[in-house]
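Me: I'm new to this one and would like a close look at a single part: the empty space closed up inside. Here is what I have open.

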Amino acid sequence: MENTTFPILEEKENEIIVKSPCREYKFQNSCFPTSIKSLGQEILNSPIRIVCEANGEKEIFEPAENFTVDYKDDAVTVVAAMQSKVFFVNTTVNVEEDGCAFVGLSIMPRGLSVPQLYGLEPKTFYNRVIDKLWLEIPFKKECATYYNIAPNTRLYVDIEYRDLAKGEPWAISWSGMTPENGFSSPFTSQIMLANDDIGLGFFFYSDEHWNIKDKTKAFEVIENGDEYILRIHILDGESDVWQGRTTENQSINLDPITFKFGFCATPYREIDTFPFTEKAMHIDCFKKVAENYEDFLSKPVCDGDDEIGFDRLKRLGVEVLYIHEKWNDMQNSPLLTNKTKKRAKYIIEECHKRGIKVVPYFGMEISSLSPYFTDYGEDWKVKSYQDKVMLSGSWNRWPAQRALKVCLNSGWADVLINGIVKVIEEFGFDGIYLDSTMKIRPCTNFNHGCGFKDADGVWHTTYQQEGIRKVFKALYKYTSERGLIMNSHCGGAMNLVALGYCTSIWEGETIQDPLLHGVISKMPEGHMRMAFGSKHYGMPIYSLCYSNDPVWTYHSAVTIGLLHNSMPRPVDIGTPLEETSALWKVYDSFPIECSKWKPYYSNNGIATSDNRVKVSYYDAGDELLAVVAGTEKGIEKEVIIDFTHLNSVTITDAFSGETVSENGVYQTYIKGFEYRLLRIK
């Protein structure tokens, strides 16, 4: 994406190839890609196909004709036309610079030709009752190890998987290991399948004009030998657009039905083994600071210590300070109070004097305290129907106000973009942090065009994908041109239309909630490998770590983060920052840039005496940096890890430098969600 010449078009006879960073889509006499490659690997087991039935018979389509069109400046546009006995199908696929492809699929009766219209040829009529319109994407099985669904919805899988759940209950079921026999899901805005290196996902704005017979099977992932077929049920019967119009004359003149959606292969960019360049602290995320940030940081922050907060940040190695919502008197407002302006100026001056960057929080809400809310709140906020009552989620904060979810499909998008740019330029902030702004939220606020009613008068939601992309694309362009940080907390949804427009992601809130409250007692491996897959997203993913001692600690959260090559960001200036500072020193002292990452599921067969204890490591050739981690509550035992087959000899504690083994065998007493960091020569 840093190369603004993308996408690249290669056009040959009967073959169109569109390239974006790391990926390419090939069209060959087809409405959809016949090949999708990422990092040079083929994802599809066979071409993407349309399955259509009418009058109880399968529609056989002739090979499509493909054309390219100069339609958008930053996109390659591929259009296609194909026909069957009864229908024409047209598609438009706009592939933009980040690799996202935006699709319009139109299906229509063939209608009359000009000679037929003027009686020069006999008219041919077909009863055009449509029984089925599906999209099928055949994945190579090895490319569909994990799934991600957003927003979260219930999965329908076989009872064995549901009972065992591989440690993944409802709270985190949106992301995990693909069940061996597949699964189905109700309609939602995004579904993605991936392995540890690459992925492919589809996204949708709404289910308008869809007709899904079994609401639990809008999406199906079907195991079929050496492939998983992602089946998207667009129509399982007549669309409401055509219902009740069955006479021959009406059949000929029916308008096309158009369905809009998109797809994107990942990663967005190829990343290094250790892409984590920020030594960052996040103030007042989960541990709430009682006073204003400028007061808190200007005084001693630890008992028995005269060191003020700003100096402590500097001494412990912090290079980037993320300031959470409390920096701004009006939640998430790009229109600042005069008190907020003074606060921002002071914090930036003190941090910049110490070589620390400052990145402010903006999020997904509109504040009831903001003048914008008085004038536009009802028009801009997220609304959804539940039991025929319009609802909108919100919460309260000090100073007295409510923060309501805001829809980026509204006029708020332009206010946010322009306001953030103005704030950065006025105060000299070093980037932007967007909290859950990429999260895919359903909305039925018809005041700004969201939501629709079906033929029965039932409200349906639409999703904020267009507005979200607009905000992220504009802010990424601004920040990347100036070398600024563009960080987002994804809120449990790696949104394909926004993800490529970030420099880093913060994730972990969703997984920590069930761990924090004891809903689950062990690390859900499939969820972690999908949600924290820096490589298959092409994005540094930092661990979000909250504490609820003694049930769940910052140390525990760091344990499962490090195991998945995810660095933590402390949210407490006390002990968590001290622990992370020690981690930074260890990682700085090891030749990470020359290393290969070997996660516990691909670590050259390192054996542990308890399979609940996992080992991941960086391999620098003649030395390893290894994390040994307990992944389940209740572990309290002596464990043995054998590194001898890696020709290892001396093992030292990475923090203390103490030698703990000289024969390649490491023995330690470990508890659940504890870790050890080792250097091994």
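Which residues line the largest cavity?

Reply: Keep in mind that this is a predicted model. The lining of the largest cavity is made up of Gly-508, Ile-511, Gln-512, Met-528, Phe-532, Ser-543, Leu-544, Cys-545, Ala-557, Ile-560 and Gly-561. Three elements each give two or more residues to that lining: helix 11 (509–516), strand 36 (541–544) and helix 14 (554–562). Helix 14 provides the largest share, with three residues. Sort the lining by class and you get seven nonpolar residues, four polar ones and no charged ones. As for volume, the largest cavity comes to about 60 Å³.

That cavity has company, since searching the whole structure turns up two cavities of 30 Å³ or more. The second largest cavity holds about 50 Å³ of space. Around it you'll find Met-364, Val-406, Leu-408, Ser-436, Thr-437, Lys-439, Arg-441, Gln-464 and Ile-468. Here the lining splits into four nonpolar, three polar and two charged residues.

If you want to look at an open space too, try the second largest pocket, with about 540 Å³. It has 24 lining residues, and Asp-196, Asp-197, Lys-535, Trp-597 and Tyr-601 are the closest to its centre. Helix 12 (525–531), helix 13 (534–537) and strand 38 (596–598) each give two or more residues to this pocket's lining, and the largest share, three residues, is from helix 13. By class, the pocket's lining has nine nonpolar, seven polar and eight charged residues.

Note on methods. Residues are numbered from 1 along each chain as its sequence is written. This is a predicted model: local features need pLDDT of at least 70, side-chain atom pairs count only at pLDDT 80 or more; totals for chains, interfaces and linings use all residues. Side-chain values use heavy atoms; hydrogens and water are left out. On a 1 Å grid over the protein atoms alone, a cavity is a set of points where a 1.4 Å probe fits but cannot get out, and a pocket is an open set with protein on both sides within 12 Å along at least five of seven lines; lining residues have an atom within 4 Å of a point. Grid points are joined across faces, edges and corners, and a volume is the space filled by probe spheres set on the points. Helices (H or I, at least four residues) and strands (E, at least two) are DSSP runs, numbered from the N terminus. Ala, Val, Leu, Ile, Met, Phe, Trp, Tyr, Cys and Pro count as nonpolar, Asp, Glu, Lys and Arg as charged, and the others, Gly among them, as polar.
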